[in-house]
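Good morning, colleagues. Please turn to the sequence and the structure on the screen, and I shall take you through a few regions in turn.

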Amino acid sequence: MGVPAIDAQVPLRGRGRELAALEQVLATARAGSSAVLVLRGEAGIGKTALLDHAADRAVGFRTVSVAGVEAEMELPFAGLQQLCAPLLDRLHQLPGPQRDALSVAFGLQEGRAGREGQEGQEGQEGRAGEAPTRFLVGLAVIGLLAGAVGDRPLACLVDDAQWLDDGSLRVLAFVARRLMAEPVALVFALREPGEGDDRALAGLPELIVEGLGEPDARALLASAVRAPLDPLVRDRIVAEAHGNPMALLQAPHALKPAELAGGFALPGRHPVASGIETAVHQRLQSLPRDSRRLLLTAAAEPTGDVDLLWRAAGLQAIPAGAAAPAEAAELVEFGTRVRFHHPLVRSAVYRRTSAPDRRAAHRALAEATDPRRDPDRRAWHRAHAAARPDEGVAVDLERSACRAQGRGGAAAAASFLRRAAELTPDPAHRVTRALAAAQAETDAGGTDQALNLLAVAEAGPLDDLQHARIERLRARLVFSRVRGSDAPRLLLDAARRLAPLDAALARDTLLEAVGAAFFAGRLGEGPGPREVAEAALAGPAPPTPPRMVDILLDSITTLIIDGHAAGVDALRHALHTVRQEQESGATDADRHWLWLASRVTPEPLAPELWDDDAWHELAAGAVGIAREAGALAVLPMALTYQACFQVHAGEFGTAAALIDEATAISEAVGGVPMMYTSLVLSAWRGRESEALDLIGTTSDEVRARGEGRALGLAEYATAVLYNGLGRYDAALAAATSACRYEDLGLFGWALVELIEAAARSGHPEAATPALDELTTRTRACGTEWALGTEALSRALLSDDRAAEALYQEAVEHLGRCRIAVHLSRARLLYGEWLRRRNRRQESRTQLRLAYEAFSRIGADGFAERARRELSATGETVRKRTVGVTSELTSQEAQIAGLAGAGHTNAEIAAQLFISPRTVEWHLGNVFTKLGVGSRRQLRSLPSP
């Protein structure tokens, strides 16, 4: 039948806003800075045309591009490899770890898991490397893009981002957030939310591409149709297209010329993508059978490899002449690569073909794929070609899953294992694979898929251990979704069921249950930490020698059951073990438990032991391990942990920079930002309105998520805020609430706030039992921090003769530890005590030291409290001036500090996950703001 032609050079109409935004992005890159834009809209709305326009307008740019392909979503870093392929000639210029990470991710060399999965195979090329993570791959891509700039800017265009594999999308989102001073334009195009996991791009500059207005829609339709068009048909097409350009261009092809001119009704309303696929399918049906088979094979092979396509075509006896009709129909181009005119054309070709024909195409592609060069893609094609369960294909998929883990593709590994389970003929073996797939999906964050796989496993013959493993996985999935609620109970039940079957896994699960119970805290509805600890005590004994997880579990059990006096030695042993692991380098098996340790052991237990040296070392070590491993799921936690130490050390600027970094990484990987240290920092800064807003918002969020420990932290922060402001009744109320539940690592801090607030508000009866509880803890620990804190709290409740000696003792002890804010606080309290005894000269010395210290670090509430006391002594207090570094952003302050300490741009870039060019750009701003001209001058500046 006759098909009306579409003008291939149809101009962009009604896109003034979008074109201006693209021009701005390109102009910014031309000027030397990076720019990012996310184009979002429904299928066929014109996003691809806008990207093509950007490519045409990028005169003088080097341009690289990639289009996500739905069939490749499970192949790790497939999209990223296609985008970076033109730049890999610069791979050798990257630092070794980044070069190795990218090489392993792209399959240029093997990762550890891949190497283990192919033991005995000969002739493997490339040097084996560690399995990379998105973090290291992201750093490598930043370096690759920065190195590719040269003397001209770079344009990176990403179409159909919703169909990129998870690793590629998250790495590119990470890169988009970290590029600053490079002349790089990065433009994403993707469908509306709900079509693919695009949360990684949330927060980036975004432009919604909407439908055309009616005048532009009519003009576009008129320019595309060269046949008589009945006005009624035209109006219906325009109305049903809703301004969607692809629908306008494709809808007429569903009608014969006579129908266009005769005014016959179009089909009823349906989704745009479905309508487009129908139109393409009708055009497809007019082609010779061999052309249709060639198009189907091309659609099933998403890499665009022409040689592979023609090998597969030859295996199906498709002649070379089959290409011409397909190209003439303006569906595809066969050049150096296969290129469909629009992604929806590929989708329509593939989806509107029968399942047997699709399997035949995949079978041919599998046979045409080199099993040594690309075993994973071959296995994937074999899986799509399988019409029934096939053990051989399932085995290949298991091997592919192992290689995917070696390349850092957790989601791909889960997908391979899921398909392997589906293709397993033996029911018992299918259960084993379904459980492995469910575990992989759980680790990869695929909650829904994991639940589906658990249902598959439960349908098969299960032994007792498999039943218990399913119970554990379900408990972990509950914890991942709601944090508190039933998670502790479910994990504890799973541990009890595992105990007679797998002692090691049972103890692992008990430690997870302890973590869940601490996490739920006062909001927990199930067993609390003590019940879990009692179960651990009655459970399986640890192996000999014990693993790190066993030492952690036993130490926390001792703490909970026997109390602080008896538990201190066990806690010290646990901390010592973790510190040794950090120094020596944890094994792969222990990396997970280092993560758990960072949440359950060092963070709460180092403060629980009042051990500032251990806290400092563990904080730096945790960040170092996470950076080295590229563990993006762990790194925000470790950075937050280190930031909290920096708050107590009086380094507020460094703490803020670490919090910003943790937030940026969490957003880049789609995680929930860690707000805990932000609460503490805001409280110590003493800006009431800002702090209360943050505390209120965070309290609502954590209550909804069941994070009871975070709620206790919010109450502690409120008490710090009000004590700093001198509003002791409000501080007492908040501290009393914080002390109603013994949150590990926080309870001692809250006791300190309660004692000061009670003593200053005239309620010593509330302070006395709190002091007794505090003393039990501090004397068992015996550190300078602990003894200084106890002396200060005791001084508040002592008579004059004892108080002075205790204040002096507190200053001496705290002066020998790293916890600077508490030393300044001791001086403030001592100065206040001296002033009230009319010892003005002596009080001025202490108050002036406190005021200067609090002013320098930015503890505004405590600084104002010290200023008022100084004024009361009769001293004229110089008006507080803003420090020279206060104009700097938190990242500028951190870069200034590192540069002043002698670090090179490359070293700073590696530490902060940015490029050296961005470091240079920030330093330029630092020099301008501070009026300095060299790094040497930065050394003499005060801390931010």
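I begin with Gly782, the residue that follows helix H38 and has a positive phi, near 70°. Please bear in mind throughout that this is a predicted model.

Helix H38 itself covers residues 764–781. Its 18 residues should span 26 Å at 1.5 Å a residue, and the end C-alpha atoms lie 25 Å apart, so expectation and model agree. Which residues of H38 are buried? They are Ala767, Ala770, Leu771, Leu774, Thr775, Arg777, Thr778 and Cys781. As a general point, an α-helix has 3.6 residues a turn, so residues three or four places apart point the same way.

I turn now to the cavities. How many are there of 30 Å³ or more? The count comes to seven, and the largest has a volume of about 160 Å³. That largest cavity is lined by 16 residues, of which Val752, Thr789, Leu792, His822 and Arg825 are the closest to its centre. At least two lining residues come from each of helix H37 (747–760), helix H39 (784–796) and helix H41 (820–836). H39 gives the most, with five residues. By class, the lining comprises nine nonpolar, four polar and three charged residues.

Finally, I draw your attention to Gln642, which lies in helix H31, residues 635–648. Is Gln642 buried or exposed? With a relative accessible area of 16%, it falls under the 20% cut-off and is therefore buried. Leaving aside neighbours within four places in sequence, Gln642 is in contact with Ala619, Ala620, Val623 and Leu658.

Notes
Residues are numbered from 1 along each chain as its sequence is written. This is a predicted model: local features need pLDDT of at least 70, side-chain atom pairs count only at pLDDT 80 or more; totals for chains, interfaces and linings use all residues. Side-chain values use heavy atoms; hydrogens and water are left out. Helices (H or I, at least four residues) and strands (E, at least two) are DSSP runs, numbered from the N terminus. Buried means under 20% relative accessible area, exposed over 50%, partly exposed in between (1.4 Å probe, protein chains only). Contact means heavy atoms within 4.5 Å. On a 1 Å grid over the protein atoms alone, a cavity is a set of points where a 1.4 Å probe fits but cannot get out, and a pocket is an open set with protein on both sides within 12 Å along at least five of seven lines; lining residues have an atom within 4 Å of a point. Grid points are joined across faces, edges and corners, and a volume is the space filled by probe spheres set on the points. Ala, Val, Leu, Ile, Met, Phe, Trp, Tyr, Cys and Pro count as nonpolar, Asp, Glu, Lys and Arg as charged, and the others, Gly among them, as polar. The expected span of a helix is 1.5 Å times one less than its number of residues.
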